[in-house]
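Biologist: Please take one part of this model and look at it closely. I would like the surface charge first, then any backbone oddities.

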Amino acid sequence: MADTTLPPPPHETFDTILVLDFGSQYTHLITRRLRELNIYSEMLPCTQKLAELPFKPTGIILSGGPYSVYEDGAPHVDPAVFELGVPILGICYGLQEIAWHHGKNVLAGEKREYGHAALKIARDGSDHTGALFKDLPDDMEVWMSHGDKLSKLPDEFVTIATTANAPFAGIAHSAKKYYGIQFHPEVTHTPQGTALIKNFASSICGAKQNWTMDKFVDQEIERIRALVGPKGQVIGAVSGGVDSTVAAKLMQEAIGDRFHAVLVDNGLLRLDEAKIVKETLGKQLGVNLTVIDASERFLAKLKGVVDDPERKRKIIGNLFIEIFQEKARELADAAKGSAKEGEIEWLLQGTLYPDVIESISFKGPSATIKTHHNVGGLLEGMHLKLIEPLRELFKDEVRELGTTLGIPDELVWRHPFPGPGLGIRVLGEVTPEQLRILRHADSIFIEEIRKAGLYRKISQALVGLLPVRAVGVMGDKRVHDQVVALRAVVTTDFMTATAFEFEPSFLRTVSSRIVNEVDGVCRVFQDITSKPPGTIEFE
């Protein structure tokens with residue numbers, strides 16, 4: 001039996017700023033900026049009931065959102081937020097939510113304000129109301145994105161900032177530590193934005209800047225050991241990507257050989273992927289690794305699935321769990337009669353915070369973008385219990401953690417590879433022939449990226465096989481072959497991303513190689529869509 005006395009979760013160990021999300025595309029950036037300041041933060045839907053919150057936050061930030069607070073059905077926070085006795089910062093919609101709660105003085109603006117704006121600080125001389133703009137210039141460039149505005153100042157509030165179009169661009173409660181700003185400090189377009197967020201979280205809320213990977217490692221290892229117990233065993237999903245590699249190394253540090261890493265070759269891996277993973281995880285990191293060839297099972301399940309990416313993800317996620325359960329039973333049977341080993345109850349997954357954010361949907365401000373195989377695609381009645389040590393972390397934090405654990409740079413900085421693998425990069429039915437084409441094209445793209453010294457400058461690069469054919473001329477003959485799309489993005493948190501800008505000569509080289517070397521392809525396109533509105537993967 002595992003020890004039921006567990007170390008507390010991060011929100012009980014570290015001062016925590018709670019970010020309540022009203023559906024803004026920027027909300028996750030608020031949490032990111034706080035983490036960059038070494039201040040722990042968690043993001044929850046704006047519908048979160050405070051009575052059900054398992055911790056008391058040090059402060060609360062209300063995000064922006066696409067709605068109008070005065071409309072029927074507009075999202076609003078639990079009124080208990082304003083009775084908690086902690087500082088509150090409202091950003092854009094969050095400012096209007098504060099004003100709505102204190103008099104409902106919000107209306108549609110005559111002019112939409114989107115883009116850069118010149119902000120003037122209106123200091124009233126008091127330490128309390130001036131705290132948000134402490135040590136910041138009186139004239140600041142900020143980023144606006146709003147159509148509504150306050151019709152008048154709520155009772156007991158003072159104006160602390162203005163723009164030409166927004167006379168109440170910044171407000172503060174005269175007695176309580178409530179602040180509202182109409183602009184977005186979380187985006188890089190507001191140069192002093194991070195300093196403002198620091199003023200709120202550190203100076204006003206008093207949150208300690210002590211969220212570090214060193215402390216996280218110590219706490220997480222202690223938590224894993226207590227959760228699993230002195231004899232318990234864990235089976236782990238690994239792919240060779242940075243997330244599962246870091247999770248596997250962390251688990252090995254915690255429980256040693258009682259962690260059984262398993263790579264399922266689902267037939268959807270990149271060229272020579274299983275061999276590379278076995279070499280890096282097994283030999284370089286000493287992880288106890290088993291490779292299972294289940295490619296035929298996966299391809300059989302995916303047969304005939306043509307135009308439903310969610311169904312693909314569910315099929316792949318569910319079959320992953322089935323195979324892990326089978327392996328767990330096999331290992332458990334082998335361990336019977338041994339005094340050194342206990343039952344396998346746990347399944348390790350490298351779930352990250354962006355996975356959690358994108359997979360949570362609530363009525364109102366947000367909608368589920370896609371189901372992540374390691375968050376929303378699990379089987380009902382699954383026999384194994386999930387253990388997700390990276391669940392609170394963003395990608396850059398995982399890389400920092402990997403470095404802290406001593407994982408080599410070439411593994412820490414490897415581009416992400418999705419759990420559903422090439423299955424969500426083949427648009428349309430997944431077949432052995434389509435996978436052959438995609439693998440070859442993908443290997444050429446990545447090879448040329450490395451050769452050009454661009455790999456570390458790109459956050460993620462991939463090739464998609466499109467479900468269309470085009471006419472071409474090859475060897476003086478007409479062909480009617482397939483089309484691939486190159487995609488490479490730059491991002492810090494994988495919640496938003498922009499297309500990487502290649503030199504035309506690079507793209508010509510890649511296109512020429514793919515068309516000449518990959519049998520079945522006659523056209524190469526580049527996908528330059530940002531996220532949003534696109535996603536990084538094709539499905």
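Modeller: What follows starts with a charged patch and then turns to the backbone and one covered helix. This is a predicted model, where local features need pLDDT of at least 70, side-chain atom pairs count only at pLDDT 80 or more, and totals for chains, interfaces and linings use all residues. Residues are numbered from 1 along each chain as its sequence is written, and side-chain values use heavy atoms, with hydrogens and water left out.

The patch comes first. On the surface, D214, D218, E222 and E400 gather in a patch of negative charge. Patch members have over 30% relative accessible area and no salt bridge, and like charges are joined within 9 Å. A salt bridge is a side-chain nitrogen of Lys or Arg within 4 Å of a carboxyl oxygen of Asp or Glu. Asp and Glu count as negative, Lys and Arg as positive, while His and the chain ends are not counted. Each charge is placed at NZ of Lys, CZ of Arg, CG of Asp or CD of Glu. Accessible areas come from the Shrake-Rupley method with a 1.4 Å probe, and for residues only the protein chains shown count as cover.

Helix α6, residues 213-228, gives the largest share of the negative patch: three residues. Helices here are DSSP runs (H or I, at least four residues), strands are E runs of at least two, and both are numbered from the N terminus. D218 is found in α6. D218 counts as exposed because its relative accessibility is 55%. The cut-offs are under 20% for buried, over 50% for exposed, and partly exposed in between.

Now the backbone. Most residues other than glycine have a negative phi, and most peptide bonds are trans. N38 is not a glycine, yet its phi is positive, about 65 degrees. N38 lies in the loop between α2 (27-36) and β2 (40-45). With a relative accessible area of 31%, N38 is partly exposed. E156 also has a positive phi, near 70 degrees. Its loop runs between β6 (139-150) and β7 (157-162). E156 is exposed, at 57% relative accessibility.

Two cis peptide bonds deserve a check by eye. K531 and P532 are joined by one, with omega about -15 degrees. The bond from P532 to P533 is cis, with omega near 15 degrees. P532 sits in the segment after β18 (521-527).

Last, the covered helix. Eight of the nine residues of α3 (residues 93-101) are buried, including Y93, L95 and W100. Just after α3, G103 has a positive phi of about 130 degrees.

Notes: Patches are made of residues with over 30% relative accessible area and no salt bridge: like charges are joined within 9 Å, nonpolar side chains (Val, Leu, Ile, Met, Phe, Trp, Tyr) within 5 Å. Buried means under 20% relative accessible area, exposed over 50%, partly exposed in between (1.4 Å probe, protein chains only).
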